[in-house]
Amino acid sequence: MAGAVTAHLSQEASKRPKHITESATVKWILITIAVLFLGIAVALPLVSVFIESFKKGFDVYRAAITDKDALSALRLTLLVALIAVPLNAVFGIAAAWAISKFKFKGKNFLITLIDLPFAVSPVISGLIYILMFGAQGFLGPWLDEHDIKIVFALPGIVLATIFVTVPFVARELIPLMQAQGVQEEEAAASLGAKGWQIFWRVTVPNIKWGLLYGIILSNARAMGEFGAVSVVSGHIRGETNTLPLHIEILYNEYQFSAAFAVASLLVMLAVLTLMVKALFEWKTNQRASHEKLD
């Protein structure tokens with residue numbers, strides 16, 4: 001049986017047009033190009049960050065990452081991501097559900113709005129919030145009368161972060177949910193399932209990987225965002241500086257080792273995010289393997 005299958009596959013391979021088959025030489029050339037490009041463009045800069053971080057010794061590194069301003073920037077970065085990413089996930093699921101499952105007027109306009117942050121410079125998005133909520137902005141006088149702070153405070157940083165990260169979850173889910181169609185949901189509904197039951201037991205299992213990738217991308221951008229946050233933060237040390245802003249200040253003050261040390265925190269946060277993703281994938285694969293065996 002195995003020999004017959006192998007012979008059949010060999011026959012099918014021989015029938016393939018020669019113009020779509022590549023030699024081993026071409027394959028290894030392409031692999032080499034990819035590895036070299038990623039090594040130079042991605043791996044080498046990341047390794048350089050850690051080399052520069054420890055260039056003056058571990059004591060300098062430890063002092064830089066335990067500095068009160070650095071710890072404050074780390075807390076603010078994590079807090080902003082903790083607020084912005086779940087909100088983006090909820091919006092992304094709702095938007096993808098509406099766009100892929102329903103027909104309505106203005107659908108293309110909604111998709112265009114979702115894509116807008118990709119086209120608009122982050123600095124411009126920060127200026128938009130200054131125009132709206134700043135002291136001389138449209139709502140500035142009213143906010144000042146009621147002692148409400150938006151810009152140069154946490155709310156403004158969160159709003160700017162949400163603006164630049166809002167497309168990631170939705171853009172991962174929209175094509176995925178459109179490709180899946182509505183047949184499974186309709187079948188569940190015909191069997192008497194309610195809306196939330198359909199969502200949790202049919203829709204979520206089908207979109208979980210797209211949702212996870214969207215959340216990871218959104219989280220990475222939220223923690224690393226500079227332009228929009230720089231405009232609305234006010235650069236107040238120990239209060240409104242996120243990690244990217246704190247790194248900029250250290251670098252401009254010629255504290256290069258400290259700047260690279262704090263930058264290494266961002267790298268480690270990104271690696272930690274990828275490790276969580278890998279762990280989630282491994283557990284899911286293990287569970288699927290056990291179910292097949294059973």
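1. Transmembrane annotation. An unreviewed UniProt entry assigns the label "transmembrane region" to residues 28-51, 71-97, 109-130, 150-170 and 256-280. The structure discussed here is a predicted model.

2. Two of the annotated spans. Residues 71-97 are 100% helix and 0% strand, and the C-alpha atoms at the two ends are 39 Å apart. For residues 109-130 the helix content is 91%, again with 0% strand, and the end C-alpha atoms are separated by 25 Å.

3. Nonpolar surface patch. Leu79, Leu82, Ile83, Leu87 and Leu154 together make a nonpolar patch of about 410 Å² on the surface. Helix H4 (residues 68-101) supplies the largest share of this patch, with four residues. Leu79 sits in helix H4; Leu79 counts as partly exposed because its relative accessibility is 35%, between the 20% and 50% cut-offs.

4. Aromatic pairs. The structure contains 12 aromatic pairs. One of them joins Phe54 and Tyr61: the ring centres lie 4.3 Å apart and the planes meet at 20°, so this pair is stacked. Phe54 is partly exposed at 36% relative accessibility, whereas Tyr61, at 6%, is buried.

5. An edge-to-face pair. Tyr254 and Phe256 also pair through their rings, with 6.0 Å from centre to centre and 90° between the planes, an edge-to-face arrangement. Tyr254 is exposed, with a relative accessibility of 65%. Phe256 has a relative accessible area of 35% and is therefore partly exposed.

6. Aromatic cluster. Trp97, Trp196, Phe199 and Trp200 are linked into a cluster by ring pairs.

Methods
Residues are numbered from 1 along each chain as its sequence is written. This is a predicted model: local features need pLDDT of at least 70, side-chain atom pairs count only at pLDDT 80 or more; totals for chains, interfaces and linings use all residues. Side-chain values use heavy atoms; hydrogens and water are left out. UniProt positions are given in the numbering used here, feature names are shortened, and annotations may be inferred rather than shown by experiment. Patches are made of residues with over 30% relative accessible area and no salt bridge: like charges are joined within 9 Å, nonpolar side chains (Val, Leu, Ile, Met, Phe, Trp, Tyr) within 5 Å. Accessible areas come from the Shrake-Rupley method with a 1.4 Å probe; for residues, only the protein chains shown count as cover. A salt bridge is a side-chain nitrogen of Lys or Arg within 4 Å of a carboxyl oxygen of Asp or Glu. Buried means under 20% relative accessible area, exposed over 50%, partly exposed in between (1.4 Å probe, protein chains only). Rings of Phe, Tyr and Trp (its six-membered ring) pair if their centres lie within 6.5 Å; planes under 30 degrees apart count as stacked, over 60 as edge-to-face and the rest as tilted.
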